[in-house]
Amino acid sequence: MAAPKYIIEEIPLDKIRVSGKNTRTVVEDDDIDDLAQSIAQKTLLQPIGVRAEPEGRYRLLWGERRYRAHHRLRRRSIMCRVYPENGIPDEALMAVENLIRNNHTLAEEVAWVRSMMADGAMSIEEVSSLLNRSRTWVLARLSVDGMREYLREPLLAGDISLKVIEEIARLGDESSERYVLQRALQERLSAS
């Protein structure tokens, strides 16, 4: 699958609709104030991502914090990457953009892969190609949903790594898995 094409365009803020699909669940006011201050001093360094909708409107794909910072600054417009409707789901474009960040979580990665593959929208190979990740990486994120709950919860909470959970899951016996998990979590806490 080829990299998605886009055009750069300055778009009025009042023409952009926040889609509600933001991968960040918390958007802190202090963070927005800091970002607004930075934009006021240095300008916008990275355009936000949008898709065109009917009647000259757009829906926000990513960059909600930058969008909100522009509102705080009472700016009338913002630079955008405008993506066409080309069969690539919004969630796929969001995942590509967010994988560039280093501070995303495994839970976010799992949600991106799940949404990209929902209802047969994309194959494992297409997700792998679009995200520039290996097939193994995609399959590992898909495997999380099928894990036993006691393994999945600490993994998605960021309390333990996927690699460690995969090793624990190979034990195949619930009581052994629970014991090793408990020890691994205790070791991690005592090392912190």
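## A walk through the fold, its rings and its charges

Of the 192 residues in this chain, 38% count as buried. Keep in mind that you're looking at a predicted model. The mean pLDDT is 85, and 89% of the residues reach 70 or more. Confidence is highest in strand 1, at 95, and lowest in helix 3 (residues 90-99), where the mean is 76. As a rule of thumb, predicted coordinates shouldn't be read in detail where pLDDT is low.

### The layout

The chain has nine helices and five strands. Going along the sequence, they come in the order β-β-α-β-β-α-β-α-α-α-α-α-α-α.

Helix 2 covers residues 64-72, and its buried residues are Glu 64, Arg 66, Tyr 67, Ala 69 and His 70. An α-helix has 3.6 residues a turn, so residues three or four places apart point the same way. Just past the end of helix 2 sits Arg 74, with a positive phi of about 60 degrees.

### Around Tyr 6

Tyr 6 is a good place to zoom in. There are two aromatic pairs in the structure. In one of them, Tyr 6 and Tyr 83 are tilted, with 5.2 Å from centre to centre and 50 degrees between the planes. That pair links distant parts of the chain, since Tyr 6 is in the segment before strand 1 (7-12) and Tyr 83 is in strand 5 (residues 77-83), 77 residues apart.

Which of these counts as buried, and which as partly exposed: Tyr 6 or Tyr 83? Tyr 83 is the buried one, because its relative accessibility is 6%. Tyr 6 is at 39%, so it counts as partly exposed.

Add Trp 62 to these tyrosines and you have one aromatic cluster of Tyr 6, Trp 62 and Tyr 83. Tyr 6 has a charged neighbour too: the charged end of Arg 81 sits over its ring, 5.0 Å from the centre. A similar arrangement turns up elsewhere, with Arg 133 over the face of Trp 137 at 5.6 Å from the ring centre.

Tyr 6 also belongs to a nonpolar surface patch, together with Ile 8 and Met 79, and the patch has about 260 Å² of accessible area in total. Met 79 comes from strand 5. Its relative accessibility is 32%, so Met 79 counts as partly exposed.

### Salt bridges

Now for the charges. The structure holds 15 salt bridges. Here are some of them, with the N to O distance for each:

| Acidic residue | Basic residue | N to O distance |
|---|---|---|
| Asp 90 | Arg 51 | 2.6 Å |
| Glu 85 | Arg 59 | 2.5 Å |
| Glu 109 | Arg 141 | 2.8 Å |

Take the salt bridge between Asp 90 and Arg 51 to begin with. It links distant parts of the chain, with Asp 90 in helix 3 and Arg 51 in strand 3 (residues 48-53), 39 residues apart. Both Asp 90 and Arg 51 are buried. Do note that helix 3 is where confidence in the chain is lowest.

Next comes the bridge of Glu 85 with Arg 59. Glu 85 lies in the loop between strand 5 and helix 3, while Arg 59 is in strand 4 (residues 57-62), so the pair ties together parts 26 residues apart in sequence. Is Glu 85 buried or exposed? Glu 85 is exposed, with a relative accessible area of 53%. Arg 59, on the other hand, counts as buried, because its relative accessibility is 14%.

Then there's the bridge that joins Arg 141 to Glu 109. Arg 141 is in helix 6 (residues 135-143) and Glu 109 is in helix 4 (residues 106-117), so far as sequence goes 32 residues apart. Arg 141 and Glu 109 are both buried.

Which residues are joined into one network by salt bridges that share partners? They are Arg 17, Arg 51, Glu 53, Arg 59, Glu 85 and Asp 90.

### One more contact to look at

Finally, find Leu 130 in helix 5 (residues 124-131). Leu 130 is buried, with a relative accessible area of 8%. Leu 130 and Leu 93 are 37 residues apart in sequence, and their C-alpha atoms are 8.7 Å apart in space.

Conventions
Residues are numbered from 1 along each chain as its sequence is written. This is a predicted model: local features need pLDDT of at least 70, side-chain atom pairs count only at pLDDT 80 or more; totals for chains, interfaces and linings use all residues. Side-chain values use heavy atoms; hydrogens and water are left out. Rings of Phe, Tyr and Trp (its six-membered ring) pair if their centres lie within 6.5 Å; planes under 30 degrees apart count as stacked, over 60 as edge-to-face and the rest as tilted. Helices (H or I, at least four residues) and strands (E, at least two) are DSSP runs, numbered from the N terminus. Buried means under 20% relative accessible area, exposed over 50%, partly exposed in between (1.4 Å probe, protein chains only). A charge sits over a ring if NZ of Lys or CZ of Arg is within 6 Å of the ring centre and within 35 degrees of the ring normal. Patches are made of residues with over 30% relative accessible area and no salt bridge: like charges are joined within 9 Å, nonpolar side chains (Val, Leu, Ile, Met, Phe, Trp, Tyr) within 5 Å. Accessible areas come from the Shrake-Rupley method with a 1.4 Å probe; for residues, only the protein chains shown count as cover. A salt bridge is a side-chain nitrogen of Lys or Arg within 4 Å of a carboxyl oxygen of Asp or Glu. pLDDT is the predictor's confidence in each residue, from 0 to 100.
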